[in-house]
Every structure is written in C-alpha cells, then in structure tokens.
Amino acid sequence: MKLMFASDLHGSLSATDKVLELFEQSQADWLILLGDLLNHGPRNALPDNYQPAQVAEQLNRYRDKIVAVRGNCDSEVDQMLLSFPIMAPFQQVLLPKRRLFLTHGHLYHPNMLPPLASGDVLVYGHTHLPQAERQGDIYCFNPGSVSIPKGGFPASYGILENGTLSVVSLQSGKVVAEVALTH
C-alpha cells in the first residue's frame with residue numbers, strides 16, 4: 001500500500017492543486033490530510049492563492065480517497081464545506097507490522113506521545129517542519145507544510161512506499177528527509 005501525506009494546506013488553492021496533481025501522479029492508494037485544511041489561522045499570513053471554498057471543492061473530488069484529522073484551525077464550519085470527515089482528533093492506519101497514529105500535532109506530538117507500541121509511527125503536522133526519524137523504539141514523521149513552510153524548508157508532502165517514509169519537496173520533487181521502517 002502506498003500512502004501520500006499532506007498537512008497545513010491553510011486554504012491555499014495553488015498548494016492544494018499541486019498536492020492533488022502529485023497524488024494522481026504518485027498512484028498512492030490514499031491521501032492522508034493532517035489538518036488545517038481551509039483556514040489560514042490567526043497566527044499565519046494569508047497563504048498564496050487563499051481560496052478556502054475552492055480548496056474544499058477540489059478536495060471533495062477525492063473524498064473517497066482521503067483520510068483526514070482535525071487541525072487546530074479546522075472547525076465545524078469547515079466540515080460543512082467538506083464531504084469527508086475531518087473532525088476526529090486522530091485516526092489510526094493498521095499495517096501488517098505497525099500502526100500509523102495520525103494526528104495534527106497540537107494535541108499529540110513527539111513531546112506528548114499517545115500510547116504507541118515499539119515500531120509504531122507518530123504521523124503529525126502542525127509545526128510546518130519536516131521530520132522523518134526514529135526516536136527510541138518509535139518513528140516520528142511530519143511531512144511539513146504544503147502552503148506555509150517554516151524553518152527554511154521548502155513546501156513539502158510525504159510518501160510511504162516500500163517501508164520508507166519520505167518527505168518530498170512540493171516543487172522540486174527532491175527528498176528532504178526520509179526514514180526506513182526497519183523494526
């Protein structure tokens with residue numbers, strides 16, 4: 001199974017269009033959205049091409065391929081525009097040898113872990129900073145932000161393929177960070 005991850009779209013239509021184009025090209029089975037989909041949030045500047053209603057329309061075209069969690073900028077009003085559920089604070093994807101714990105990152109994060117077993121993966125967004133690494137006996141994976149990257153990193157998304165989690169630059173396609181899931 002191939003998975004694509006995107007976080008922190010924040011209503012950017014240009015970033016959303018690029019993510020959906022790359023999702024089509026990737027032939028991933030599922031698009032996992034890690035929250036902050038439509039609203040830019042009061043602490044962020046408006047992202048490029050801020051059009052939350054159009055972002056919702058574009059995402060709704062893929063509603064049967066999306067698994068999503070609620071970000072701290074997502075609301076019930078946002079849910080009214082979307083035809084797939086976004087209000088869960090976390091989701092879990094069960095793989096043959098491990099669990100992916102999907103969350104936005106404002107409730108659970110590397111410094112506030114949910115209950116995880118050895119080899120499980122915490123998949124989160126929120127910080128807008130890419131991360132792909134093993135920490136002790138778990139893995140932490142953050143695909144960064146597709147719309148408002150921080151820390152000097154490029155806008156990025158994530159891929160899980162053949163047991164490797166990769167953070168990939170939205171524009172160049174270069175791998176920013178990756179980790180092999182080995183145990």
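These questions and answers walk through a predicted model of one protein chain.

Q: How many salt bridges does a search of the whole structure find?
A: Side chains of opposite charge can pair when their charged atoms come close. Here the search covers the whole structure. The number of salt bridges found is 3.

Q: Which residue meets K2 in a salt bridge?
A: The N to O distance in this salt bridge is 3.6 Å. K2 sits in the segment before β1, and its partner lies in strand β9, 159 residues apart from it. The pair therefore links distant parts of the chain. The partner of K2 is E161.

Q: Is K2 buried or exposed?
A: Buried means under 20% relative accessible area. K2 has a relative accessible area of 16%. That value is under the cut-off, so K2 is buried.

Q: What class of exposure does E161 have?
A: A residue counts as buried under 20% and as exposed over 50%. The relative accessible area of E161 is 35%. This value falls in between, so E161 is partly exposed.

Q: Where do K18 and E21 lie, the two residues about one helical turn apart?
A: K18 and E21 form a salt bridge, with their closest N and O atoms 3.9 Å apart. In sequence they are 3 residues apart. E21 is partly exposed, at 39% relative accessible area. Both K18 and E21 lie in helix α1.

Q: What is the N to O distance in the salt bridge of D120 and R99?
A: D120 is in the loop between β5 and β6, while R99 is in strand β5. They are 21 residues apart. Both are buried. Their side chains meet at an N to O distance of 2.8 Å.

Q: How many disulfides does the structure hold?
A: A disulfide needs two cysteine sulfur atoms within 2.5 Å. C73 is buried, at 14% relative accessibility. C140 is buried too, at 0%. The number of disulfides in the structure is 0.

Q: What is the order of the strands in the open sheet of 6 strands?
A: Strands of a sheet pair through backbone hydrogen bonds, either parallel or antiparallel. In this sheet the pairing is mixed. The order is β3-β2-β1-β9-β10-β11.

Q: Which strands stand at the edges of this sheet?
A: An edge strand here has a single partner strand, so one side of it is left without a neighbour in the sheet. Neighbouring strands are turned by 20° against each other on average, direction ignored. The strands at the edges are β3 and β11.

Q: Which residue in β9 is the bridge partner of M4?
A: β1 and β9 pair over 3 bridges. They do so in the antiparallel sense. In β9, the bridge partner of M4 is I159.

Q: Which residue in β11 is the bridge partner of S166?
A: β10 and β11 run antiparallel, joined by 5 bridges. Their hairpin has 5 residues between the strands, and G173 in this hairpin takes a positive phi near 80°. The bridge partner of S166 in β11 is E178.

Q: How far apart are the end C-alpha atoms of α1?
A: The helix α1 has 14 residues. At 1.5 Å a residue, α1 should span 20 Å. The model agrees with this expectation, as the end C-alpha atoms are 20 Å apart.

Q: Which elements do the buried residues of α1 pack against?
A: The helix α1 lies across β1, β2 and β9, running at about 170° to β1. Its buried residues include L13, V19, L20 and F23. Q27, with a positive phi near 60°, follows α1. The buried residues of α1 pack against β1, β2, α2 and β9.

Q: What is the relative accessibility of S156?
A: S156 is found in strand β9. Leaving aside neighbours within four places in sequence, its contacts include P130, P143, V146 and L170. S156 counts as buried, with a relative accessibility of 0%.

Q: Which residues does T127 touch, not counting those up to four places away in sequence?
A: T127 lies in the loop between β6 and β7. It is partly exposed, at 31% relative accessible area. T127 and L107 are 12 Å apart, C-alpha to C-alpha. The residues that T127 touches are N142 and K150.

Conventions: Residues numbered from 1 in each chain as written. Predicted model: local features only at pLDDT ≥ 70, side-chain atom pairs only at ≥ 80, totals over all residues. Heavy atoms only, no water. Salt bridge = Lys/Arg side-chain N within 4 Å of Asp/Glu carboxyl O. Helix = DSSP H or I, 4+ residues; strand = E, 2+ residues; numbered from the N terminus. Buried < 20%, exposed > 50% of the residue type's maximum accessible area, 1.4 Å probe, protein only. Contact = heavy atoms within 4.5 Å. Pairing = 2+ DSSP bridges. Axes fitted to C-alpha atoms, helices over the stretch in contact; angles between N-to-C directions. Expected span 1.5 Å × (residues − 1).
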